[in-house]
Amino acid sequence: MNNEIIINRHGLGHAAVVLQRSQIIDCFIDPPADAVFYPPNTLLKANIDRKVTKIGGYFVKLPNGGQGFLKSKNKYKEGSLVALMSQVIFEKNKPQTFSDVLKSVSKYFVIKMSESGYSFSKKFPDSFDKCKASSVLWSKIKNLDDLFIICRSSVAGINFQEFDHEAEKAITHFQNIKEALASDRIYYDGLARNVVLDQYKSELYSVNEDEGVFEQLGIWEQLEEIKNGRIFLNTGSFLIFEQTKAFVSIDVNSGTDFKSTKEEINLNACSEIFRIIRVCGFGGKILIDFLPCSQASRRKIHRKLLNYFSKDRVKIKLWGWTKGGNFELERKRDKIPLNLLI
């Protein structure tokens, strides 16, 4: 099988990469055990330190002794203990942001705490039997007054026996989170191993969890090479990319490719740009400096990027070409950037 998920023990949990034809196309890494920040979607209790009216929230004291920032319109007293969920951190020198909206997201369901009921996403096909699904859900949550479950459109791809099983699993997961918070324990809901196995269909990928497999396959070296910010393409052209405080810059260079046209180099770079953005965990504003090209070539590049990013699980906006000739897009931050983890 050409598709593999490679999982290795690391830090708070694991490091995991997804390979297609031996090339890393996605990456999930848990922080080191001594990290001053938490993985995304970690649920914990923190003390309210002080209110910051100008930026709409509170500084909080975290279980690890550090300081975080809670963005919330809710009113809390100083010193009160509040259940929070960590957001993605992308700058080490800033307090990690937290939310008091507690939820757990999986392939099929989104579970929210402190609400009651169920709903369906807007993208369900008409062929899906919502009445039958509603009956299954109601039988499971009718006695739970603090659980709201949202069915994602991916549910339409499974049968009702699987639906029943996945719903039961999601509710059990919710109860485990609830018990952890009740006993003031930290619940890591976004660890690398769980995320990669949830996002990628196991029947399409073989899973390798052998001890020391990252070292055996040279995965760390490949990730280090990517982190360094320069990737060569097959034709001799290459990409230079860098995360600045304001945005991510990606530069397409012709290098030693003297046979291809500028259009060919630009179009060839699109797939690698998509891969690098996902592997590095780039988010926020992203500016791509392609080689100079015609309006017709720009339209081809736009269509090709649109095709690639339509496969992305993360919300993204392709703004298109700027007046300065760069291509601009914006991507939601979904994981800690690679350069903060290795």
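Where does Glu91 lie? Look for the loop between strand 7 (81-86) and strand 8 (96-99), and you'll find Glu91 there. Keep in mind as you explore that this is a predicted model.

Let's stay with Glu91 for a moment. Is Glu91 buried or exposed? Glu91 has a relative accessible area of 14%, and the cut-off for buried is under 20%, so Glu91 counts as buried. Now, which residues does Glu91 touch? If you skip its neighbours within four places in sequence, Glu91 is in contact with Lys245 and Leu340. For a sense of scale, pick out Leu291 as well: Glu91 and Leu291 are 200 residues apart in sequence, and their C-alpha atoms are 30 Å apart in space.

Glu91 also helps to line a pocket. This is the second largest pocket, and its volume is about 190 Å³. Which residues line the second largest pocket? Walk around the lining and you'll meet Phe69, Val88, Ile89, Phe90, Glu91, Lys94, Pro95, Gln96 and Thr97. Sort these lining residues by character and you get five nonpolar, two polar and two charged.

One of the lining residues, Lys94, has another tie to Glu91. Lys94 forms a salt bridge with Glu91, and the closest N and O atoms of the pair are 3.7 Å apart.

That brings us to salt bridges in general. How many salt bridges does a search of the whole structure find? The search turns up 15 salt bridges. Let's visit a few more of them.

Head over to Glu168, which forms a salt bridge with Lys140; here the closest N and O atoms are 2.8 Å apart. This pair links distant parts of the chain, with Glu168 in helix 2 (residues 160-182) and Lys140 in helix 1 (residues 130-141), 28 residues apart. The two partners don't fall in the same accessibility class: Glu168 counts as partly exposed because its relative accessibility is 38%, while Lys140 is buried, with a relative accessible area of 18%.

Next, find Asp334, which makes a salt bridge with Arg331, the closest N and O atoms being 3.6 Å apart. With 28% relative accessibility, Asp334 counts as partly exposed. Arg331, on the other hand, has a relative accessible area of 3%, so it is buried.

Salt bridges can also join up into something bigger than a pair. Which residues are linked in a network of salt bridges? They are Asp26, Arg313 and Lys335.

For the last stop, let's turn to the backbone. Most residues other than glycine have a negative phi. With that in mind, have a look at Ser22. Ser22 is not a glycine, yet it has a positive phi of about 70 degrees. You'll find Ser22 in the loop between strand 2 (13-20) and strand 3 (23-29). Is Ser22 buried or exposed? Its relative accessible area is 62%, and exposed means over 50%, so Ser22 is exposed.

Asn41 tells a similar backbone story: its phi is near 65 degrees, a positive value in a residue other than glycine. Where is the place of Asn41? Asn41 is in the loop between strand 3 and strand 4 (42-52). Asn41 has a relative accessible area of 33%, so it is partly exposed.

How values were computed. Residues numbered from 1 in each chain as written. Predicted model: local features only at pLDDT ≥ 70, side-chain atom pairs only at ≥ 80, totals over all residues. Heavy atoms only, no water. Helix = DSSP H or I, 4+ residues; strand = E, 2+ residues; numbered from the N terminus. Buried < 20%, exposed > 50% of the residue type's maximum accessible area, 1.4 Å probe, protein only. Contact = heavy atoms within 4.5 Å. 1 Å grid on protein atoms, 1.4 Å probe; cavity = no way out; pocket = protein on both sides within 12 Å on 5 of 7 lines; lining within 4 Å. Points joined across faces, edges and corners; volume = space filled by probe spheres on them. Nonpolar A, V, L, I, M, F, W, Y, C, P; charged D, E, K, R; others polar. Salt bridge = Lys/Arg side-chain N within 4 Å of Asp/Glu carboxyl O.
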